[in-house]
Amino acid sequence: MSKGFTPSAATPAVITANDLRMGHCVWMQDGGWTSDPREAQLYEDEAIAEIALLEAIAQGNIVVGPYLAEARRGADGRPEPTHFREAFRRRGPSNYFHGKQADLEASNV
Amino acid sequence: MFDARPQHNEYLRHRSAQFRSQVERRLNGSLTEDEFRPLRLMNGVYLQLHAYMLRVAIPYGTISPDQMRTLALLASKWDKGYGHWTTRQNIQFNWPKLVDIPDMLDALADVGLHAIQTSGNTIRNVTTDAFAGAAADEVTDPRPYAELLRQWSTDHGEFQFLPRKFKIAISGGKQDRAVIAAHDIGLRLVTNDAGELGFQVWIGGGLGRTPLLGKVVREFLPEADLLPYVEAIISTYNLAGRRDNKYKARIKITVAERGLDVMREEIEAEFLNRRAVFTGVDQALLNDLKNVYAPPAFRDAPEGDYEAQRARHPAFRSWTDTNLLAHRVAGYASVTVTFKAPGQTPGDASAEQMLLLADLAERFGHSDLRIAHDQNVVLPHVHKSDLYALYEALREAGLATANAGLISDIIACPGMDYCALATARSIPVAQDIADHFRARGLEDEIGKFNIRISGCINACGHHHLGHIGILGLDRAGVENYQITLGGDGYDIPAIGERAGAGFPGEEVVPAIDRVIDAYLELRESPDERFIDTYRRLGVAPFKAALYPANA
């Protein structure tokens, strides 16, 4: 969660929101939005992250409720979640194979 | 069966068209999210963790087969094939797309259903006993009063912006099965010494972060004074309730801070003003509603081979032992269909199961279905000669689990698997606990046992009222579960006592296992329920079982 947290090289962040029309989770990438959390842009500088967040907020006709979420750089360089809430948003619910886990599997086929 | 269509269809279509236009304006940029959010919430549309969620009101849990079929249509056409029964007798759809919701509302309007006032600081869906009109211990059927309250409160101009949401429960049984003490207003149907019908009126109950049981504000309210008195309570609260702090805005805090006597004085004064302007149209409507809710044409017939089938089929016998409630008419029983089968998410119903229940209600249940606050479905009127055929049809669909009121009949909110407010998950905890006690083969041995799980402090899983309550929290980035003991939502309302430090997810099942072992050891006989043993011995032995290192 973004509360009391400042993006930096030690504590990187992604920008995430929900898609306005469909509701699913999306992540900011190159000023636009991706449904694949692995493609999310990692922000390691506070000023750049804040400007990007302002750009995200300005896209209120595409997404709802953008925020900075703490992340870490994984072994493959891609962002990984640091908090379980963000991990669940990237995966989907634990009781059915629905949400992102199903969407990502379908897109990988 | 009550049919809302003639009264409300035009109005509901109008509301749906309004929402369609609001969605269009949101999508074309005319409305910002800040402007749109209150509009969508007025129509039961939340934005959750993975998707939008649509909460549809099932008025006091009463639903017709046609309405149930429409819920199945919504689940299969616009969702992922299922819906979720809530603890407030509503249904939630977890995966609708915003662009589809106006079509869903249109389909609901066709059968008189809607999502109005399922969110926001308004009077929410009135709840009642799922066995209303059927239970053997009933003073009178609460549904005509519940419907009167529903029609009065829907779009009530004065009460659209209350300090906070407002929940009314009404109970007609000698045993309270609607947890009236845990509601903003609780209404208990009673008769006075003169044999006249009326209400014992409770106010100021609620769970959430400050759990409080309600207090009796009026021992006996004559039946005819229901609406002016309820209106006086809510208008008093509307003025006196705090708007500076949402955590102190519910009427329970207003009553606790100002005192019951002050509230009563203001309510009684306002009641005189309100009653003076009631013209009696409410009583005419109430009389009509009593006719609408007249009992179905019960059959006066022998029980057939019911006892013979019980003797022949142990699984059927076990199901009849746990899932039936005594009916007020000889030869009948009320059936609880639990949505707590092994591995199932508590309260999730597939479209196919909904369609089957609609058919079975028509074949065997006088076309009457109820959604119970424990996330099960009740067929209130089934003749005993039909029970075996009903059981067989349910069994083939995986709906004949013999566990109503047992330890695997767990109440759980959606938790962080779906809910944006949640601080931890509820569903996997419920599944693990149910699996564990099934694997140990202890369900029947333990007997009546009520576990309730909430995934955050808002307490949608009513954890305070569970014999064992579990509250999921985020402790330094890890899911952690606090346990309360000795709550009761069925018998003598009681808020559970917090036992001590919370447990990581993987330690919850072993912790509960220790409480159960202690109970089995301590009870005086197999008939002594956990809650009875708890009341006899207090919390100490169970705390010691939870925290053996401290004992």
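Let's start in the middle of a sheet in chain B: strand 12 and strand 15 (residues 377–383) run antiparallel, and five bridges join them. One spot to look at along this pairing is B:V335, which stands opposite B:L379 in strand 15 of chain B. Keep in mind as you look around that this is a predicted model.

Strand 12 of chain B has another partner to meet. Strand 11 (residues 324–326) of chain B also runs antiparallel to strand 12 of chain B, with three bridges between the two. Here B:L325 sits opposite B:S334 of strand 12 of chain B. The two strands make a hairpin, with five residues between strand 11 of chain B and strand 12 of chain B. In that turn you'll find B:G331, whose phi is positive, at about 90°.

Now for the surroundings of strand 12 of chain B: is it enclosed or open? Six of the six residues in the strand (residues 332–337) are buried, so the rest of the structure largely encloses it. Here "buried" means that 20 or more other C-beta atoms lie within 10 Å of a residue's own. You can check the two faces separately: B:Y332, B:S334 and B:T336 are buried on one side, and B:A333, B:V335 and B:V337 are buried on the other.

Next, move along chain B to helix 12 (residues 351–364). Its 14 residues should span 20 Å at 1.5 Å a residue, and because the end C-alpha atoms are 20 Å apart, the helix agrees with that expectation. Plenty of side chains to click through here: the buried residues of helix 12 of chain B include B:A351, B:Q353, B:M354 and B:L356, and B:L357, B:A358, B:L360 and B:A361 are buried as well. Just past the helix, B:H366 has a positive phi of about 50°.

Zooming out, chain B is divided into domain 1 (5–110), domain 2 (134–292), domain 3 (306–396) and domain 4 (411–550). Taken over C-alpha atoms, the centres of domain 1 of chain B and domain 4 of chain B are 33 Å apart. Their contact draws eight residues from domain 1 of chain B and nine residues from domain 4 of chain B. On the domain 1 side, that comes to three nonpolar and five polar residues, with no charged ones.

Finally, there's the contact between the chains, which takes 21 residues from chain A and 22 residues from chain B. On the chain A side, helix 2 (residues 84–91) of chain A gives the most, with four residues. By class, the chain A side has seven nonpolar, eleven polar and three charged residues.

Terms used: Residues are numbered from 1 along each chain as its sequence is written. Chains are lettered from A and ligands numbered from 1 in the order in which they are written. This is a predicted model: local features need pLDDT of at least 70, side-chain atom pairs count only at pLDDT 80 or more; totals for chains, interfaces and linings use all residues. A residue is buried if 20 or more other C-beta atoms lie within 10 Å of its own, exposed if 12 or fewer, and partly exposed in between; C-beta atoms are placed from the backbone. Two strands pair if DSSP finds at least two bridges between them. Domain bounds come from an automatic or database domain assignment. Two residues are in contact if their C-beta atoms, placed from the backbone, lie within 7 Å. Ala, Val, Leu, Ile, Met, Phe, Trp, Tyr, Cys and Pro count as nonpolar, Asp, Glu, Lys and Arg as charged, and the others, Gly among them, as polar. The expected span of a helix is 1.5 Å times one less than its number of residues.
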